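Please find below my note on this structure, written for a colleague who has not worked with it before. The points go from single residues to the whole chain and back again.

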Amino acid sequence: MIVQMRQFGRTSRLIKAFVQLVRFGWAQAQSCVFPVVIFASLALTKLAPLPLLPRYDWLLVICLLMQWWMVRSGLETRDELKVITLFHIIGLALELFKVHMGSWSYPEEGHTKIFGVPLYSGFMYASVASYLCQAWRRLKVELVRWPPFWMVVPLAAAIYLNFFTHHYWLDVRWWLSALVMVVFWRSWVTYEVGGIRYRMPLVLSFLLIGFFIWIAENIATFFGAWQYPNQAKAWSLVHLGKVSSWCLLVIVSFLIVATLKQVKGRSHP
């Protein structure tokens, strides 16, 4: 009898854990609406080219319509739209520089290309911000032991600037990564699933999001969203070293979103 009760208890705990996992996955899926639409559009326009406009232009039209629908339907607030627009500008500036330096390219034609960069590319960065804002709200994210403003802002700026300056000077990404570990070592992110709160080390969340974006990058390059020099003749897996770049970009994104949330929280207690 005791053995049966223990087995029943284990089964019950496993079922509860599975239900919580499904709830968490559903919240994540809802938060990824914008990125999913972008990937679906990349696949659709690659496999079945649309008429009248070049592919890059259609992708821009789809992204604009999706952004309009998300705000119109209430999936995104106007404040979140402001954050996403900021990321669009930040991402587009990085794209213009990196394409100019030959880090990657957009080989297809398009009417909405500026200096070789299609305008839809900014939405790929904006989709990361969209995911962060959506997940923050759906999972009721809270920050524990968040570092002071004077530490967070210069660190985010240094990480972003290194994407530019390493072409002319030293690449200090590993020093910056170590600094992130030091600054956020005691920081946690808490989130709610099914009325139960969980917590995770903030540094681990950076790594996980960066890794999954690297997987998404492989899918995006496979469908021709952009092209690295080693993919000019045939598609190949994006170098694993890009995970570090994405982790740093995720850190910049998270720091901006978190700082804006902190500022808004103080102004609207």
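**Notes on the predicted model**

1. Ser 121 has its place in helix 5, which covers residues 121–138; helices here are DSSP runs of H or I with at least four residues, strands are runs of E with at least two, and both are numbered from the N terminus. Ser 121 counts as buried because its relative accessibility is 0%, where buried means under 20% relative accessible area, exposed means over 50%, and partly exposed lies in between, with a 1.4 Å probe and protein chains only. Neighbours within four places in sequence aside, Ser 121 is in contact with Leu 92, Glu 95 and Tyr 106, contact meaning heavy atoms within 4.5 Å.

2. A word on the basis of these values is needed early. This is a predicted model, in which local features need pLDDT of at least 70 and side-chain atom pairs count only at pLDDT 80 or more, while totals for chains, interfaces and linings use all residues. Residues are numbered from 1 along each chain as its sequence is written, and side-chain values use heavy atoms, with hydrogens and water left out.

3. As to the overall fold, the protein has 9 helices and 5 strands. Read from the N terminus on, the order of these elements is α-α-α-α-β-β-α-β-α-α-β-β-α-α.

4. On dimensions, the C-alpha trace spans about 70 × 45 × 40 Å along its principal axes. The radius of gyration of the protein is 20 Å, which agrees with the value near 18 Å for a compact globule of 269 residues; this radius is taken over C-alpha atoms, and the globule rule is 2.2 Å times the number of residues to the power 0.38. Among contacts with a separation of 6 or more, 73% are between residues 24 or more positions apart.

5. Buried residues make up 44% of the 269 residues. The protein exposes about 15400 Å², of which carbon and sulfur atoms supply 72%, the areas coming from the Shrake-Rupley method with a 1.4 Å probe, and only the protein chains shown counting as cover for residues.

6. The side chains include 25 positive and 11 negative ones, and the centres of the two sets lie 12 Å apart. Lys and Arg count as positive and Asp and Glu as negative, without His and the chain ends, and each charge is placed at NZ of Lys, CZ of Arg, CG of Asp or CD of Glu.

7. The largest nonpolar core has 76 residues, and the members that touch the most others are Tyr 120, Trp 146, Ile 159, Phe 184 and Phe 254; such a core is a set of buried Ala, Val, Leu, Ile, Met, Phe, Trp, Tyr and Cys residues joined through side-chain atoms within 4.5 Å. Beyond its neighbours within four places in sequence, Phe 254 is in contact with Leu 132, Trp 136, Leu 143, Trp 146, Leu 202 and Phe 206.

8. Ile 159, found in helix 6, is buried, with a relative accessible area of 1%. Outside four places in sequence, Ile 159 is in contact with Leu 176, Val 180, Leu 248, Ile 251 and Val 252. One of these, Leu 248, has its place in helix 9, residues 242–267, and is buried at a relative accessible area of 3%. With the same sequence neighbours left aside, Leu 248 is in contact with Ile 159, Phe 163, Arg 173 and Ser 177.

9. Which backbone values deserve a closer look? Most residues other than glycine have a negative phi, yet phi of Lys 140 is near 50°, and Arg 145 has a positive phi of about 55°. Lys 140 is found in the loop between helix 5 and strand 3 and is partly exposed, with a relative accessible area of 48%, whereas Arg 145, in the loop between strand 3 and helix 6, is exposed at 52%.

10. Two further loop residues complete the note. Val 172, in the loop between helix 6 and helix 7, counts as buried at 19% relative accessibility, and its C-alpha is 7.0 Å from that of Asn 162. Ala 234, in the loop between helix 8 and helix 9, counts as partly exposed at 49%.
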